[in-house]
Every structure is written in C-alpha cells, then in structure tokens.
Amino acid sequence: MSVNLTANAIPAIIGGDVNAKPLVQVLDVADVALISNSNNSQPQQQQRYQLLLSDAVSSHHAILASQLNDRVRTARVQKGSVVQLLDYICTPLRNHKIIMVLNMETIIPDCEIIGNPKPYKDSDLPTVGTIANNTVENLARSNNNSNSAAQNASHNAQNFRPKIQPPYQPPPAYKGRGAILKNEAPARIIPIAALNPYQGRWAIKARVTAKGDLRRYNNARGDGKVFSFDLLDSDGGEIRVTCFNAVVDRFYNVIEVGKVYMISKGNLKPAQKNFNHLKNEWEIFLESTSTVELCPDEDDSIPKQKFSFRPISDIENVNNNSILDVIGVVTSVNPSVPILRKNGMETQRRILSLKDSSGRSVELTLWGEFCNKEGQKLQEMVDAGFFPILAVKAGKVNDFSGKSIGSISTTQLFINPDFPEAHCLRDWFDRVGKDSASLSISKDITPRGPTNEIRKTVSQIKDEGLGRSDKPDWITVRAAISFIKTDTFCYTACPLMIGDRQCNKKVTRSGNTRWQCDRCNQEFEECDYRYLLQAQILDQTGLTWVTAFQEAGEEIMEYSAKELCFLKYEQQDDEKFGEIIKSRLFNQFVFRLKIKEELYGDEQKVKITVVKADKLDYSSESRYMLDLISIPIFVGSNCCAVSASIDTMNHTY
Amino acid sequence: MDTSNPAAFVNAELLHFYVGRRVRALTQVVRSDGGIVIGKSTDEKQLVVKGSPPPAPLTTFVEVFGIVNNDKSITPDIWTNFGDAVDMVSYNKLCQLAHGEYKHLFL
C-alpha cells in the first residue's frame with residue numbers, strides 16, 4: 001500500500017502554516033520526562049513524549065501534548081504510524097522552532113518508513129531535553145494565561161532568563177502577511193476518502209471518470225444551469241463534483257473525461273442519493289473561489305475507471321431502480337424506435353440483449369444519444385457477425401417485465417474494452433458461450449397477447465410471496481376449478497344506478513317482500529343477484545382458494561347467479577343444482593388473478609381475486625407450452641410441460 | 001391398459017424410423033376411396049393409410065393407430081375423429097419432441 005504523506009508538510013509547519021492538517025509519519029517516539037513548573041513553585045516531573053515527524057522528505061521533532069499521552073501508551077501512535085495532525089502550533093524559541101501537537105488522528109497505526117526523510121534544519125538543533133523543557137514552560141505559561149514573572153529559571157540547566165510573556169500570540173510570520181491568511185498557501189493533497197466538511201484547506205488530485213450534460217432548469221428562484229462530474233483518485237475514492245450557474249461557465253469546458261485535475265476550495269455537502277450513486281456521503285460544490293488545475297503529466301497511479309461488475313444472474317434478485325455495472329456479450333441489437341415521453345418530448349430507444357457466463361441474458365434498453373452513437377455501432381458489429389463485449393457503468397435496473405437494465409444520464413458504455421473481465425468473457429464466449437443457451441431474466445420480446453401478462457403456477461403464489469408488497473400483484477394462471485363453495489355463492493345486490501354504474505351494495509330485507517339499500521336509501525321490490533363465489537383452483541403444482549365476483553363468476557359457472565339462486569332456494573331442486581356444480585369442476589381456465597395481502601381482524605391474509613376467467617384455447621396454450629419446452633431449462637420442469645401438453649392435445653377433439 | 005406396445009407419435013418424415021412398429025399419426029383427410037385413405041400429415045407431406053375406415057363418417061382430421069408397412073404406409077387399427085379444426089403445428093412439434101429429446105418419456 002502506498003500512502004502519500006502531505007508534501008512539504010514539515011517546511012510548511014515550520015513556516016507557520018498550522019491549518020493544513022497534514023498527513024505525516026512518526027519516525028520515532030521518545031519518552032522525555034521533564035521538569036516543568038506551573039504557577040505554584042513546586043517543580044513537577046511530567047511524562048512527555050517527543051515524536052520525530054516526517055513528510056517523507058524532511059523530519060522534525062515535535063512534542064505531544066500531555067492529553068495525547070495515552071495514544072503512545074496504547075500504541076496507537078508508534079514508530080511508523082501515519083498520522084494526521086489536526087491541531088498543532090509551532091512556536092519559535094530563540095533560533096529554533098518547536099512544534100507542539102495538540103490533537104491528531106492515527107490513520108495507519110503501523111507502516112513502513114516512507115521516503116528517506118532528512119532532518120529539517122530550521123537552525124541548530126539543541127538537545128532534546130532542553131527543547132522540551134522550554135516548550136513546556138512556554139505552554140504552561142500560555143495555558144495559564146498568566147502575566148506573572150516566570151519562576152522557572154533556577155531549574156533550567158540553561159540560563160533561561162525569565163521575562164514577562166505576553167498573552168499567546170501567533171508567531172510574527174503569521175501576522176496578516178502569511179500565506180495562509182492571504183489564502184495563498186498551497187493546499188495539501190489528501191485522499192478523496194478523507195474529505196469532509198470539517199476539513200480545513202484541502203486539495204484533491206483525481207481523474208474525471210464521468211462528465212454529465214449541461215442541464216438548464218427553472219425554479220422559484222429563476223433560471224439556472226448545472227453540471228456534474230465524477231472524480232476517482234489513486235486510492236480508489238470517488239466523489240461527485242457539481243457546479244451551478246456562473247461556476248458552470250468557468251469549468252464546463254475545462255473538464256474532460258480521462259484527464260487528471262487538482263481541485264481545491266470547494267464546499268462539501270451531503271450527497272444527494274437520488275442522483276448520486278457514488279460511494280461517498282459527500283459531494284463537492286464548486287464556487288467562484290474554487291480552483292481546478294489540469295495536471296498534464298500522466299498519473300498512472302490514478303485508474304481510469306472503477307467498475308464493480310455483477311453477473312447477470314444476480315440482477316434477477318436486485319431491487320428495482322438499483323444502479324449497477326454489468327459486462328456481457330451483445331447477442332442481438334434491435335433498431336432504434338422513436339418513443340414519446342411523458343413530457344411530450346420524443347426520444348430514441350433501442351433494445352439489445354447481453355449475455356454472460358452466468359447462464360443468463362438480460363435486455364439492455366438504450367435511450368437517447370446512446371441509440372445513435374454506441375447503439376448504431378453495436379448494431380453494425382452484430383450485423384457483421386461480430387459479437388462485441390459491452391461494459392455498462394451505472395445502468396438502472398427496471399422490473400417492469402422481468403428485470404431489465406436501462407441507460408440513465410450518467411451511464412457510460414464501453415465497447416470491447418481492455419479490461420481483464422472483458423478478455424475473460426471473450427474467451428468464454430468464443431469457446432463455450434456462443435453456443436450455450438441462456439435464460440432471459442427479462443420478459444421475451446415476442447408478444448403474447450397483453451404484454452403485461454405474467455404466467456405463474458399456483459405454488460409460485462405462495463413460494464414467491466406474491467401480494468405482500470404495497471401494490472397488488474397481477475398474474476395469469478392456467479388451472480382447473482376443483483371445488484366450489486355452495487353455501488353462499490351469491491348475495492342480494494342493489495340494482496339502482498349511481499351515475500353509470502350499478503350500486504351493487506348488499507341489500508337487506510325490509511318487511512317481507514321488499515329490499516332496502518342503505519347507500520341509496522331506497523326500497524324496492526326486486527333485487528339483483530350477484531356472484532360472490534369462493535372456489536379452489538388447482539394446477540400441477542398445487543391448489544389455492546380464490547374469490548370470483550359477478551363477471552368472473554358467470555364465466556366460470558355459465559349460469560347467472562339469479563338462475564342458480566332460484567334453482568337452489570326457490571325451486572329447491574338440489575339434484576339439478578348439484579349436477580350443474582359438478583359439471584363445472586375440473587374445467588380448465590386461464591385465470592387472471594389479483595393478489596393482495598389484507599388485514600383480517602389482526603391477521604394478514606393473502607386474498608386472491610379472479611378478475612377474468614378465460615376459457616382455455618388449446619391451440620394457443622399448446623404453442624405456449626411448446627415455446628417453454630424449447631428453452632432448455634431443467635429437464636424436470638420440461639417433462640412437466642411435455643406431459644401437460646400431451647394432456648392438452650388429447651382435449652382437442 | 002395394454003402398454004406393451006406403445007404407439008409412437010409420428011409425422012410423414014418420422015415414419016421410416018418405425019417400419020414394422022406401431023405408430024399414431026394425425027392426418028387431414030384429402031381423399032378416401034376404396035380401401036385407401038390419402039391424407040396430409042402434420043408436416044405437410046402425403047400419408048397413405050391402407051385400410052377402410054369404420055362405417056361412421058370421417059371428419060376432416062383423423063388420428064390413426066396402426067403398423068407401418070415397408071412402403072411407409074400405415075395399416076390402421078383404430079380410427080379417431082379429431083373434428084374439423086385441429087392445430088397441426090402443435091401435433092407436429094409433439095412428434096418431433098417425442099422422437100427426439102424426450103423419447104424416453106414416450107417409448
């Protein structure tokens with residue numbers, strides 16, 4: 001691991017910069033027991049640690065404030081530690097400088113010595129003990145803020161003449177002329193991962209991995225424009241940088257993808273997770289005072305892009321709207337189609353399929369410019385018989401029909417990139433992949449009736465926990481009726497019209513011959529009879545209870561609710577009634593089901609409603625099943641489909 | 001049910017694999033005279049059935065169980081009326097699957 005200590009940290013501190021919060025390395029730790037004095041005249045022996053700090057080029061001693069002593073004792077600070085100095089001062093004493101560390105953070109507890117630091121000469125370096133002594137005395141004074149005459153002299157080996165120490169003032173170099181005050185001192189380059197709003201002056205050096213489009217907007221405050229770009233540094237840290245309005249003008253043309261820049265004096269704010277999918281809780285906002293400098297020399301330590309590819313088989317289980325990277329072989333490209341968007345604007349769309357070594361393929365939808373540029377190129381390549389490798393950075397998962405990936409404004413496409421993953425894939429495809437079948441996790445493009453029809457089996461309802469999300473699940477199931485509850489299969493309904501729909505509320509008897517509806521507040525002679533059918537449906541995987549209302553009920557029973565009611569209750573012809581019910585059993589239908597979990601008392605129950613019951617069309621059903629068989633899935637389920645289709649064939653006469 | 005001699009689902013193309021063996025085939029009746037019924041098999045080829053149909057009238061589509069002769073015609077055992085509308089394509093696909101990948105399920 002290579003760590004970059006803050007360049008020129010030591011000279012900067014000696015020069016008076018105490019705001020840089022540099023990264024330095026501890027070369028040595030020495031225990032110096034000192035005799036110090038405080039305001040009371042008794043001399044006290046205090047344990048103090050002296051560190052030898054290095055910035056990889058120069059080294060200098062520093063005294064650790066006593067409140068940090070335990071850091072050394074617990075080995076958080078030891079020989080070789082890389083630390084960040086957070087609060088420190090540098091005071092001149094006669095002709096040398098004393099660095100005192102008041103607060104610091106250990107970044108790496110143990111690290112090899114970086115560089116070849118040489119002692120920094122501020123002037124003659126006196127012996128360790130005396131420096132420490134003097135510093136402690138100064139500090140004691142300044143801490144106590146006393147103006148009283150020093151009482152120390154006698155304890156000092158050197159004849160340190162007491163003098164009245166004025167209240168602590170920054171060293172003369174600081175007085176309004178220093179580089180820091182003029183905001184001109186060079187900032188220290190720190191890793192992107194270390195950026196935070198409480199950081200003092202910082203600078204980062206990173207490569208632009210993505211540049212967003214210039215967007216104009218209009219809100220309550222008027223018109224504005226904005227653009228963002230993403231940075232990646234040599235430690236792998238990533239962060240997004242955003243510019244608004246006038247700042248856009250300054251930097252939009254300066255920033256180019258792939259180039260390395262040194263950026264400083266930006267604001268750090270929390271990242272907007274809706275748009276910003278980088279792994280950083282902060283985002284940089286550049287202002288008029290920010291600086292962006294192009295670094296012309298190629299810095300190979302900064303990678304060009306950072307990917308985390310997922311195998312396509314993983315995508316099936318990923319949440320809707322997740323952002324991810326994927327790499328695969330393009331097996332088909334469809335032509336561009338103009339699509340009308342919600343805001344009335346027209347855009348282009350292309351669908352292509354990607355296949356990878358996980359045995360799955362997925363649909364990739366390209367929008368807008370991607371269709372014309374990369375999309376066109378890919379189409380030409382596939383038409384010519386080549387199957388290019390495509391790497392997608394920041395694609396969005398969509399679960400409209402199966403799982404597919406769509407491009408967003410920050411998506412980047414790389415055709416036949418020079419990555420190890422790409423070479424692996426190419427290898428796999430040429431040897432094995434191009435002939436192997438893969439299962440598509442997106443719905444197939446061949447339309448089968450209504451495009452949002454999802455076929456499931458009865459057992460999948462329970463296994464996949466359908467109906468448990470906040471929206472109901474709509475599926476299609478081919479099943480047979482196995483049981484019909486005959487105790488209450490219909491109810492008396494209000495026939496009055498409310499607007500253009502029938503009221504249908506359950507009515508109650510009023511008197512002996514009349515009916516009363518509470519919603520319409522009316523009484524009438526004749527009521528309507530509507531189905532409220534509870535039935536069990538059954539397929540080769542299992543059975544489940546469903547409820548069918550009027551329309552579906554009639555499709556299933558082929559008799560109106562009124563007729564059956566009449567037969568059972570008025571005529572009391574149980575035999576005929578029983579015959580009709582029996583004849584309905586084991587008829588197959590293609591059911592359209594609505595599945596939703598609802599609260600019953602204090603229990604959550606999954607309620608399945610039959611919205612439509614279509615008579616089975618053997619021909620199209622056989623073709624559907626033959627299609628299923630043609631995709632090589634597991635032999636087990638194919639056998640199921642084959643035997644089920646033989647069964648259906650036998651029904652055709 | 002006698003499962004000792006299962007009949008294979010065939011179309012015209014697959015007949016020569018089952019010479020001398022029991023098969024079943026769906027055919028669209030084109031001509032029926034004397035002791036021969038000429039029909040169109042599910043893969044659009046000619047199918048000859050050498051035998052007289054039962055007295056009941058034949059519908060447009062008929063499935064025949066029988067033994068395959070050397071000349072690729074079928075000597076029928078059982079005639080089954082399949083009605084006037086049947087999906088020949090599905091039956092044909094079935095023949096192909098039953099002969100190919102999934103033979104073990106049928107024979």
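**Note on a predicted two-part topic: chain B and the aromatic contacts of chain A**

1. Chain B contains six strands and two helices. The model under review is a predicted one. Read from the N terminus, the order of elements in chain B is β-β-β-β-β-β-α-α, with the helices following the strands.

2. The burial and contacts of chain B may be considered next. Of its 107 residues, 46% are buried. Among the contacts in chain B that join residues at least 6 apart in sequence, 54% are between residues at least 24 apart. The area that chain B exposes is about 5400 Å², and 53% of this area comes from carbon and sulfur atoms.

3. Aromatic pairs are a further topic. Over all chains, the count of such pairs comes to 16. One of them is formed by A:Y217 and A:F244, whose rings are edge-to-face, with 6.3 Å from centre to centre and 85° between the planes. This pair links distant parts of the chain, since A:Y217 belongs to strand β8 (residues 215-219) and A:F244 to strand β10 (residues 238-244), 27 residues apart.

4. Are A:Y217 and A:F244 buried or exposed? A:Y217 has a relative accessible area of 28% and is therefore partly exposed. A:F244, at 34%, is likewise partly exposed. Both values fall between the cut-offs of 20% for buried and 50% for exposed.

5. A:F227 and A:Y252 also form an edge-to-face pair, with 4.8 Å between the ring centres and 85° between the planes. A:F227 lies in strand β9 (residues 222-232) of chain A, whereas A:Y252 lies in the loop between α4 (245-251) and β11 (260-264), so the pair ties together parts that are 25 residues apart in sequence.

6. The two partners of this second pair should be examined in turn. A:F227 counts as buried because its relative accessibility is 1%, which is under the 20% cut-off. A:Y252 has a relative accessibility of 23% and so counts as partly exposed.

7. Ring pairs may also join into a group. Which residues do ring pairs link into a cluster? The members are A:F307, A:F309, A:F414 and A:F419.

8. Finally, charged side chains are found over aromatic rings in chain A. The charged end of A:K269 is placed over the ring of A:F285, at 4.9 Å from the ring centre. The charged end of A:R455 sits over the ring of A:Y624, and here the distance to the ring centre is 4.4 Å.

How values were computed. Residues are numbered from 1 along each chain as its sequence is written. Chains are lettered from A and ligands numbered from 1 in the order in which they are written. This is a predicted model: local features need pLDDT of at least 70, side-chain atom pairs count only at pLDDT 80 or more; totals for chains, interfaces and linings use all residues. Side-chain values use heavy atoms; hydrogens and water are left out. Rings of Phe, Tyr and Trp (its six-membered ring) pair if their centres lie within 6.5 Å; planes under 30 degrees apart count as stacked, over 60 as edge-to-face and the rest as tilted. Helices (H or I, at least four residues) and strands (E, at least two) are DSSP runs, numbered from the N terminus. Buried means under 20% relative accessible area, exposed over 50%, partly exposed in between (1.4 Å probe, protein chains only). A charge sits over a ring if NZ of Lys or CZ of Arg is within 6 Å of the ring centre and within 35 degrees of the ring normal. Contact means heavy atoms within 4.5 Å. Accessible areas come from the Shrake-Rupley method with a 1.4 Å probe; for residues, only the protein chains shown count as cover.
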